[in-house]
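Trainee: I should like a close look at one part of this protein, namely a pair of neighbouring strands and the surroundings in which the pair sits. Please connect the account to the rest of the fold where possible.

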Amino acid sequence: MRRFLLLTTAAVLLLAGACTTDRPTPGASEAPFKKGSGTLRVLAGSELHDLEPILDDVKAATGVTVELTEIGTLDGIEKVAAGAAVRDQDAIWFSNNRYLELHPQASGRIDVSTKVANSPVVLGLRAGKAKELGWDEHRPTWSEIAEAAGAGRFTYGMTNPAASNSGYSALVGVAAALAGTGRALTSAEITALTPRLRSFFAGQSLTAGSSGWLADAYVGRQSGGAPVDGLVNYESVLLSLNEGGKLEEPLTVIYPADGVVTADYPLTLLSGASEQARTNYAAVADYLRRPSTQRKIMETTFRRPAVPGVELTGSFGPAGGGLVELPFPARYADATALVTGFGDSLRKPARTIYVLDVSGSMKGARVKGLQSALLGLSGADSSLSGELTRFNGREQVIMLPFSTTPKAPRRFDLPAENRQPVTDQIRGYVRGLATAGDTAIYDALTSAVDLARQLDAKDPDRFTSIVLLTDGERTVGPRLPEFKTYHAKLPAKIRSIPIFTLLFGEGNVDEMTEVARISGGRTFDARGGSLAGVFKQIRGYQ
């Protein structure tokens with residue numbers, strides 16, 4: 001999905017007609033603005049949406065329009081490493097470049113880098129829970145946090161490390177702190193830490209593919225009957241939640257005494273960028289690093305300044321002592337092993353029910369695209385994103401095809417090790433999907449939710465989600481209002497199982513959006529791009 005942060009024609013006219021006091025002006029001790037022209041095209045993470053007002057100021061001050069194209073972190077790393085990013089982009093802007101810089105093919109792909117802001121990944125707990133644990137006055141270590149989580153004393157949400165930097169930073173930080181070596185972790189040390197890391201992740205009850213969606217899901221869970229005690233997320237996200245007015249109880253931000261991993265948001269020029277792009281980059285980077293801009297970024301987005309001399313506001317902690325920066329893995333293999341180990345052996349295992357339209361309209365290229373996407377998840381995709389989004393050890397995968405009626409579900413239980421025999425079974429099943437008949441969407445969804453309820457009763461300690469793919473409207477069976485009535489009567493835990501819907505073919509966009517909304521899920525647009533790419537994106541939320 002492409003998202004652009006552009007000044008509209010109306011905004012440009014407004015700026016042109018505004019009085020000079022509305023235009024950015026250099027601070028008293030700052031040099032004149034550097035100038036550029038045209039557009040700086042930037043491949044960026046979705047979390048930078050809140051910088052839109054700052055980028056409006058960039059345009060007014062420098063003459064450069066910053067155009068952000070949203071991409072997932074893994075997809076972005078792959079695009080840069082393959083040399084494809086520079087074909088239509090000038091720069092990248094992710095929360096950090098640490099994983100990218102370890103990639104064996106990334107050498108020579110990136111040029112100068114400018115750190116724009118800082119935000120450590122920390123723990124936020126609702127105030128009452130923090131007080132109950134004594135962490136409103138005492139700064140716990142990650143070991144204390146892991147012990148309390150493993151004992152069931154609190155629950156939290158965290159993004160998937162395979163999809164989001166905040167989750168990956170948390171995983172790195174917890175592992176490094178528990179190891180206590182003060183140096184970068186090795187794969188062998190990661191394996192030795194498995195029992196203690198499992199204890200920490202036993203407390204996780206909410207997952208997501210992005211830090212912003214995680215925050216929204218946390219807010220939604222407050223009144224949905226399945227609340228969560230806190231979040232592991234960027235400090236900036238936690239402080240923004242406290243200021244947003246949507247929390248029933250404020251979050252106490254907890255800064256682990258043994259350290260954190262910090263995002264530094266480096267705006268990075270790509271090697272091979274044009275001379276005009278270099279001029280534009282220099283102008284934008286200069287503007288973003290000015291003390292006056294840094295102060296505005298801090299006050300509006302709750303990210304810490306990246307330059308010295310800008311005093312922090314009272315929102316930031318900790319009250320006593322500083323923040324220790326924990327070491328990041330030094331080798332690409334170790335960094336990757338940490339993520340794959342998380343999915344296969346550390347986190348609560350997933351249970352995913354794939355509700356798959358195999359009606360007559362799916363015949364031909366559409367069902368082949370579906371088969372290709374599922375085969376990729378079974379291990380056929382050997383790319384970095386394919387490796388990190390494949391089905392994990394201990395995962396429960398259920399295929400529930402439907403057409404005129406729901407078909408019999410097929411369940412696959414992947415073992416912790418030696419997954420090949422089961423993934424071979426999945427591939428054989430997927431290749432055998434055949435199309436015919438009408439489209440009973442809500443019959444199939446009801447069957448999926450009923451099945452999830454039965455399975456959860458027997459094995460409740462899993463992240464359960466439902467993925468619905470259909471290319472058309474319901475033609476037989478119950479309609480959306482009947483499904484909503486059924487869904488509203490479910491127990492809170494089952495009602496909160498997210499349903500992820502794919503916008504595909506001629507599917508009803510409004511209905512798919514509503515199904516995702518009532519379940520706390522999300523819609524994914526597969527109409528203009530790769531179905532395989534969208535299925536991999538969904539994996540971050542499972």
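In which sense do strand β13 and strand β14 pair, and over how many bridges?

Mentor: Strand β13 (residues 350–357) and strand β14 (residues 396–402) pair in the parallel sense, over seven bridges. This is a predicted model, in which local features need pLDDT of at least 70 and side-chain atom pairs count only at pLDDT 80 or more, while totals for chains, interfaces and linings use all residues. Residues are numbered from 1 along each chain as its sequence is written, and side-chain values use heavy atoms, with hydrogens and water left out.

Strands here are DSSP runs of E with at least two residues and helices are runs of H or I with at least four, both numbered from the N terminus; two strands pair if DSSP finds at least two bridges between them. Within the pair, Y354 has M399 of β14 as its bridge partner.

The two strands belong to an open sheet of six, ordered β15-β14-β13-β16-β17-β18, with mixed pairing. Its edges are β15 (410–413) and β18 (523–525); each has a single partner strand, so one side of each is left without a neighbour in the sheet. From one strand to the next the twist averages 20 degrees (axes are lines fitted to C-alpha atoms, for helices over the stretch in contact, and angles run from 0 to 180 degrees between N-to-C directions).

Two helices may be placed against this sheet. Helix α15 (residues 365–380) packs on the sheet and touches β13, β14 and β16 (463–469); the direction of α15 makes about 165 degrees with that of β13. Contact means heavy atoms within 4.5 Å. Helix α22 (residues 531–539) also packs on the sheet, touching β13, β16, β17 (499–503) and β18, and its direction makes about 160 degrees with that of β17.

Strand β16 leads on to a pocket. The second largest pocket has a volume of about 860 Å³, and 41 residues line it, with L206, R221, S496, I497 and P498 closest to its centre. On a 1 Å grid over the protein atoms alone, a pocket is an open set of points with protein on both sides within 12 Å along at least five of seven lines, a cavity is a set where a 1.4 Å probe fits but cannot get out, and lining residues have an atom within 4 Å of a point. Grid points are joined across faces, edges and corners, and a volume is the space filled by probe spheres set on the points. At least two lining residues come from each of β7 (204–208), α10 (211–222), β16, α19 (480–488), α20 (492–495) and α21 (509–519). Of these elements, α10 gives the most, with five residues. By class, the pocket lining has 17 nonpolar, 14 polar and ten charged residues (Ala, Val, Leu, Ile, Met, Phe, Trp, Tyr, Cys and Pro count as nonpolar, Asp, Glu, Lys and Arg as charged, and the others, Gly among them, as polar).

Two of the pocket's helices also meet each other. Helices α19 and α21 pack at an angle of about 5 degrees, with their axes 11 Å apart. That angle makes α19 roughly parallel to α21 (under 35 degrees counts as roughly parallel, over 145 as roughly antiparallel, 65 to 115 as roughly perpendicular and the rest as oblique). L480, F483, K484 and H487 of α19 make the contact with E511, E514, V515, I518 and S519 of α21. Its residues divide into four nonpolar, two polar and three charged.

Residue R539, which falls in α22, leads to an enclosed space. The second largest cavity holds about 140 Å³ of space and is lined by 16 residues, of which N160, A162, L388, N392 and R539 lie nearest its centre. Helices α14 (332–346) and α16 (384–389) each supply at least two residues of this lining, with α14 giving the most, four residues. The lining comprises five nonpolar, seven polar and four charged residues.

A further sheet lies elsewhere in the fold. Five strands form an open sheet in the order β2-β1-β3-β11-β4, with mixed pairing. Strands β2 (64–70) and β4 (110–115) are at the edges with a single partner strand each, so one side of each lacks a neighbour in the sheet. Here the twist averages 30 degrees from one strand to the next. Strand β3 (residues 91–93) pairs with strand β11 (residues 266–270) in the antiparallel sense over three bridges, and I92 has T268 of β11 as its bridge partner.
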